[in-house]
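Here are my notes after a pass through the model, written as numbered points. Have it open next to you while you read.

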Amino acid sequence: ASGTLAQLTDSQLTSSRVEGSRYSPDGSKIAFYAAGGIWVMDADGSSRLQLTTDDGSDPVFTPDGLWVAYLKTDGIVPGSGSIYFVRTNGSGTPVRVPNTTSRDRISDVAPSIGCVGVAPLARTPGCYRVAINRITIGSNTSTIVSLDGSGNGLATLVGPASFYGSP
């Protein structure tokens, strides 16, 4: 490594906010939010692909790199919105995860035991577990929960616990 910085985005994307970048598990891609959607690109900044055209944030790759989970808000009603999954190759449409809200923060995504042996391209969001930091406004509490990408198997792992300040 030469120790020099390289800009990976250009004016097409930097005219709005660019944030939430995450590497894929194998380090070959980066998911991020910019210009009104979720994007992926090669780690060197090439081959950019816009996956969504809706407002989203906090993209997280699945362990196999085939999907990105992200948080989508409607921007109108506090707490309205959900976690979605979208394929990293741009095919198909985003899939909503039931039992999630815009106050949920994706911590990580892991494989689900129920999908061991399922061919990678046949995997659906239900083949992954999502760890979520669930914020409850008003009571200033946070709970860590887990559920699968189909919205099933909701389990409270920690909490609720108090926190200070605004999420």
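The points below go from the sheet to the core, the rings and one serine.

1. Ground rules. This is a predicted model, where local features need pLDDT of at least 70 and side-chain atom pairs count only at pLDDT 80 or more, while totals for chains, interfaces and linings use all residues. Residues are numbered from 1 along each chain as its sequence is written, and side-chain values use heavy atoms, with hydrogens and water left out.

2. The sheet. Four strands make an open sheet in the order β9-β10-β11-β12, with antiparallel pairing. Because β9 (104-111) and β12 (155-162) each have a single partner strand, they stand at the edges with one side lacking a neighbour in the sheet. Neighbouring strands are turned by 15° against each other on average, direction ignored; here the axes are lines fitted to C-alpha atoms, for helices over the stretch in contact, and angles run from 0 to 180 degrees between N-to-C directions. Strands are DSSP runs (E, at least two residues), numbered from the N terminus, and two of them pair if DSSP finds at least two bridges between them.

3. The two ends of that sheet. β9 is joined to β10 (residues 128-136) by seven bridges, and V109 has V130 as its bridge partner in β10. At the other end, β11 and β12 pair over five bridges. Those two form a hairpin with six residues between them, and G151 in the turn has a positive phi of about 85°. β12 is hardly covered: zero of its eight residues are buried (buried is under 20% relative accessible area, exposed over 50%, partly exposed in between; 1.4 Å probe, protein chains only).

4. The cores. How many residues does the largest nonpolar core have? The count is 16, and I83, F85, I106, V109, Y128, V130 and I132 have the most contacts inside it. The elements giving two or more residues to this core are β6 (67-73), β7 (81-87), β9, β10 and β11. A second, separate core of ten residues includes A31, V40, L51 and F61. A core here is a set of buried Ala, Val, Leu, Ile, Met, Phe, Trp, Tyr and Cys residues joined through side-chain atoms within 4.5 Å.

5. The rings. Four aromatic pairs turn up, counting rings of Phe, Tyr and Trp (its six-membered ring) with centres within 6.5 Å; planes under 30 degrees apart are stacked, over 60 edge-to-face and the rest tilted. W67 and F85 are edge-to-face, because their centres are 6.2 Å apart and their planes at 80°. W67 lies in β6 and F85 in β7, so this pair ties together parts 18 residues apart in sequence. F85 also stacks with Y128, at 6.0 Å centre to centre and 20° between the planes. With Y128 in β10, that second pair links parts 43 residues apart in sequence. Ring pairs thus join W67, F85 and Y128 into a cluster. F85 is buried at 0% relative accessibility, and Y128 is buried at 2%.

6. A serine to look at. S146 sits in β11 (residues 141-148) and is buried, with a relative accessible area of 10%. Its bridge partner in β12 is A155. The S146 side chain makes a polar contact with the side chain of R129 at 2.9 Å (N or O atoms within 3.5 Å; within protein, one must be able to donate a hydrogen and the other to accept it, and residues adjacent in sequence count only if both atoms are side-chain atoms).
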